[in-house]
Amino acid sequence: MDSLQRGETTTSIGRIKPELYKQKSVDSQDGEQEDVKTSGKLNLTLKYDYENQHLIVTILKCLDLPAKDFSGTSDPYVKIYLLPDRKKKFQTRVHRKTLNPIFNETFQFPVPLDQLSNRKLHFSVYDFDRFSRHDMIGEVIVDNLFELLEPPKEDTIWRDIICVKTGRRLKKRKTTTKKNTLNPVYNEAIIFDIPPESMEQVSLSITVMDYDR
């Protein structure tokens with residue numbers, strides 16, 4: 001586990017000018033948003049260290065988490081990635097028997113300012129279990145990092161923790177259509193962005209269909 005980095009001071013040199021860096025956000029999805037179920041709230045702060053080119057993320061607390069243990073409480077902790085990179089991961093300490101954990105833990109991601117528009121923060125909230133697989137409580141994805149860092153900005157940021165449901169279709173992809181053939185050759189790579197810790201809960205369904213205009 002990467003060590004925590006605490007008590008770092010930031011140096012503000014000038015102001016962020018989003019118009020110089022804005023690009024289309026990664027992993028954007030088209031279509032209507034489906035109804036989602038929430039599992040509490042996550043509270044955090046964001047700062048940018050211009051001198052060292054670090055995004056500084058402080059996870060403050062969670063509120064109203066669901067009870068995952070028979071005792072009516074949970075043992076929550078949070079994992080954090082700066083997408084699309086999943087090699088560098090941070091994790092908070094586990095807080096025992098609480099549905100409203102206070103973390104106050106700070107982490108730093110080295111990232112150039114002009115790359116922020118292509119990055120997203122991914123938070124996964126878990127219930128620790130000593131003897132079995134940890135239960136995933138939910139997740140939070142924070143994008144539009146420029147807008148959140150540009151003054152005037154919120155002192156703290158609140159986001160709903162979204163439940164990760166099993167048996168729900170997360171994403172759909174299609175190949176190209178091959179016409180007038182019974183032996184189509186595709187040679188197409190299809191990529192799904194799935195957190196490593198969620199792989200055991202994910203299944204792949206492949207459907208072959210005949211296209212008819």
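1. Which residue of strand 4 does Leu82 stand opposite? In this predicted model, the partner of Leu82 is Asp85 in strand 4. The pair belongs to an antiparallel arrangement in which strand 3 (residues 76-83) and strand 4 (residues 85-91) are joined by four bridges, and the hairpin that connects strand 3 to strand 4 passes through one residue.

2. Strand 3 is also joined to strand 6, again in the antiparallel sense, and here the number of bridges is eight. A reference point for checking this register in the coordinates is Val78, which stands opposite Val125 in strand 6.

3. Strand 6 pairs in addition with strand 7 (residues 135-142), the two running antiparallel over seven bridges, and within that pairing Phe123 stands opposite Val140 in strand 7. Strand 6 is thus bridged both to strand 3 and to strand 7.

4. Why can strand 6 (residues 120-127) be described as largely enclosed by the rest of the structure? The description rests on burial, because eight of its eight residues are buried, each having under 20% relative accessible area. In a regular strand the side chains alternate between the two faces of the sheet. In strand 6, Lys120, His122, Ser124 and Tyr126 point one way, whereas Leu121, Phe123, Val125 and Asp127 point the other way, and the residues of both sets are buried.

5. The largest nonpolar core comprises 31 residues, and those with the most contacts inside it are Leu46, Leu55, Val57, Leu116, Leu121 and Phe123. At least two residues of this core come from each of strand 1 (38-49), strand 2 (54-63), strand 3, strand 5 (102-110), strand 6, strand 7, helix 1 (145-149) and strand 8 (157-162).

6. Phe123 deserves a separate look. Once its neighbours within four places in sequence are set aside, Phe123 is in contact with Leu42, Leu44, Val57 and Ile59, with Val78, Lys79 and Ile80, and with Gly138, Glu139, Val140 and Val142. Val140, listed among these contacts, is also the residue that Phe123 stands opposite in strand 7.

7. Is Ala67, in the loop between strand 2 and strand 3, buried, partly exposed or exposed? Ala67 counts as partly exposed, because its relative accessibility is 42%, a value that falls between the 20% limit for buried and the 50% limit for exposed. Apart from neighbours within four places in sequence, Ala67 is in contact with Gly72, Thr73, Ser74 and Leu99. Although Ala67 and Lys97 are 30 residues apart in sequence, their C-alpha atoms are 9.2 Å apart in space.

Terms used
Residues numbered from 1 in each chain as written. Predicted model: local features only at pLDDT ≥ 70, side-chain atom pairs only at ≥ 80, totals over all residues. Heavy atoms only, no water. Pairing = 2+ DSSP bridges. Buried < 20%, exposed > 50% of the residue type's maximum accessible area, 1.4 Å probe, protein only. Core = buried A, V, L, I, M, F, W, Y, C linked by side-chain atoms within 4.5 Å. Contact = heavy atoms within 4.5 Å.
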